[in-house]
Amino acid sequence: MTFKLFAIRISLLILCIMKSYTLISQDKKAIELINAGIQKMGGEDFLNSITSLQTQGKHIYFLIDQSIRPTGPFYTTINNYKSFKLPQKNKLAYWNFYNQTNMSVKFIVDGAAFGMQRGKDVSYMPYGSDLDEELYLAPEKVLLLAKSSNPEFLKDTVIQDLKLSVITFKWRNHPVKLFFNCHSNYLTCVEITRHYKDNTPFVLGDVKLMHRYSFWKTVGKQLHYPAQKDVYVEGQHFQSFSIDSIKINMSFSEDTLSIPDSVKIKLAKIDGKMDMFNNVPSLVSKEIAPGVFFINGKYTSVGSYNSWFVKTSTGIIVIETPISSAYS
């Protein structure tokens, strides 16, 4: 073996050792950050002892797909909500009370299944692809989830003039990032990149959705919990939650948080048809005047609808009514 070849092998060996050491250091730092965040919330044993958690408050929804200008101001709806979770059994019931229509809708997450239940006659639709984040990525559960999911330290960064340490892990094969306040160790942000099938961001494909937590308060003698959550889609303010009441370890009928197995099978079949990127819709186009096209869509990810395309010298105008621009 020549001296040059020997030197190259030694150099590669040193690089491999250094890289392995770096990964070990990163994993160790990630665990340290998670443990510090868990301790701030009351400790790991305490979080594992939470059998139920109920929150209720106000939900502000910014209709970012309904604005005349992409940067707002946006039309908003302000609703009341109530959430009841069984963290250890991966179940959630979430009620949204629409103040403008005096209507309420119940969402359920049961394991990997989710659905919307409405009306006196119980019926389910597969809406709520983002609601499982209210269960799995909430502060009381996401830290424990991250700790057991091979987390890695990424970097330190600054958001809203606040220095944060960032770690990453995978949940359901989606990349998730946790941001910790470098000064207080509190969990400040949870960011996930995924595709949403059934709400405003779905037309954008994979998007970054960030939950930002603030106004931490003491609940009982041990639990520290954020009283406000703000949700951002690709940096755009999308939703805001103010929590007025937090209760833990209340008795609750598990049946109201369960989806029957027969319903889960049906929901899975319908859910697969809703994905616009995996299902080709049936579109019929008819030119009713020069440059004016009537478009009829059937069996798409958002149902059936009518739209119009108007060709002009400067581009194409898309006209849709009365649901939302997501249809077009």
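Which element gives the most to the lining of the largest cavity? In this predicted model, that element is β12, with 4 residues. The structure holds 1 cavity of 30 Å³ or more, and a volume of about 130 Å³ is computed for the largest cavity. Its lining comprises 16 residues, and E134, Y213, Y225, K229 and I243 are those that lie nearest the centre. Two or more lining residues come from each of β2, α3 (132-136), β11 (206-219), β12 (223-233) and β13 (236-248). By class, the lining of the largest cavity divides into 9 nonpolar, 3 polar and 4 charged residues.

Two of the residues named at the centre of this cavity, E134 and K229, also take part in a network of salt bridges that links K85, E134, E140 and K229. K85 has a further role in the strand pairing, with L92 in β3 as its bridge partner.

The second largest pocket has a volume of about 290 Å³. Its lining is formed by 15 residues, of which A112, F114, R194, K197 and D271 lie nearest the centre of the pocket. The elements that contribute two or more residues to this lining are β5 (113-117), β10 (187-195) and α5 (261-273). Helix α5 gives the most, with 4 residues. In terms of residue class, the lining of the second largest pocket has 6 nonpolar, 3 polar and 6 charged residues.

Strand β3 pairs with both β2 and β4. The strand spans residues 91-98 and is mostly covered, with 6 of its 8 residues buried. On one side, β3 pairs with strand β2 (residues 75-86) in the antiparallel sense over 7 bridges. The hairpin of β2 and β3 has 4 residues between the strands, and N90 takes a positive phi near 55° there. On the other pairing, β3 and strand β4 (residues 103-110) are antiparallel and joined over 8 bridges. A93 stands opposite I108 in β4. The hairpin of β3 and β4 likewise has 4 residues between the strands, and in this hairpin N102 takes a positive phi near 55°.The count of salt bridges comes to 11. One of them joins the side chains of E44 and K147, with an N to O distance of 2.8 Å. This pair links distant parts of the chain, since E44 belongs to helix α2 (residues 44-48) and K147 to helix α4 (residues 139-147), 103 residues apart. E44 has a relative accessibility of 31% and therefore counts as partly exposed. K147 is also assigned to the partly exposed class, because its relative accessibility is 27%.

A second salt bridge is formed by K58 and D244, whose closest N and O atoms are 3.4 Å apart. K58 lies in strand β1 (residues 53-63) and D244 in strand β13, so the contact ties together parts of the chain that are 186 residues apart in sequence. K58 counts as partly exposed at 40% relative accessibility, and D244 is partly exposed with a relative accessible area of 48%. Strand β13, in which D244 lies, is also among the elements that give two or more residues to the lining of the largest cavity.

A further salt bridge brings together the side chains of K264 and D110, at 3.4 Å from N to O. Here the linked parts are helix α5, which holds K264, and strand β4, which holds D110, with the two positions 154 residues apart in the sense that the residues are 154 residues apart. Why do the two partners fall into separate burial classes? K264 has a relative accessible area of 26% and is partly exposed, whereas D110 has a relative accessibility of 7% and counts as buried; the class boundary that separates the two is 20% relative accessible area, because buried means under that value.

The K264 and D110 pair also connects two regions described above. Helix α5, which holds K264, gives the most to the lining of the second largest pocket, and strand β4, which holds D110, pairs with β3 in the antiparallel sense.

Notes:
Residues are numbered from 1 along each chain as its sequence is written. This is a predicted model: local features need pLDDT of at least 70, side-chain atom pairs count only at pLDDT 80 or more; totals for chains, interfaces and linings use all residues. Side-chain values use heavy atoms; hydrogens and water are left out. On a 1 Å grid over the protein atoms alone, a cavity is a set of points where a 1.4 Å probe fits but cannot get out, and a pocket is an open set with protein on both sides within 12 Å along at least five of seven lines; lining residues have an atom within 4 Å of a point. Grid points are joined across faces, edges and corners, and a volume is the space filled by probe spheres set on the points. Ala, Val, Leu, Ile, Met, Phe, Trp, Tyr, Cys and Pro count as nonpolar, Asp, Glu, Lys and Arg as charged, and the others, Gly among them, as polar. Buried means under 20% relative accessible area, exposed over 50%, partly exposed in between (1.4 Å probe, protein chains only). Two strands pair if DSSP finds at least two bridges between them. A salt bridge is a side-chain nitrogen of Lys or Arg within 4 Å of a carboxyl oxygen of Asp or Glu.
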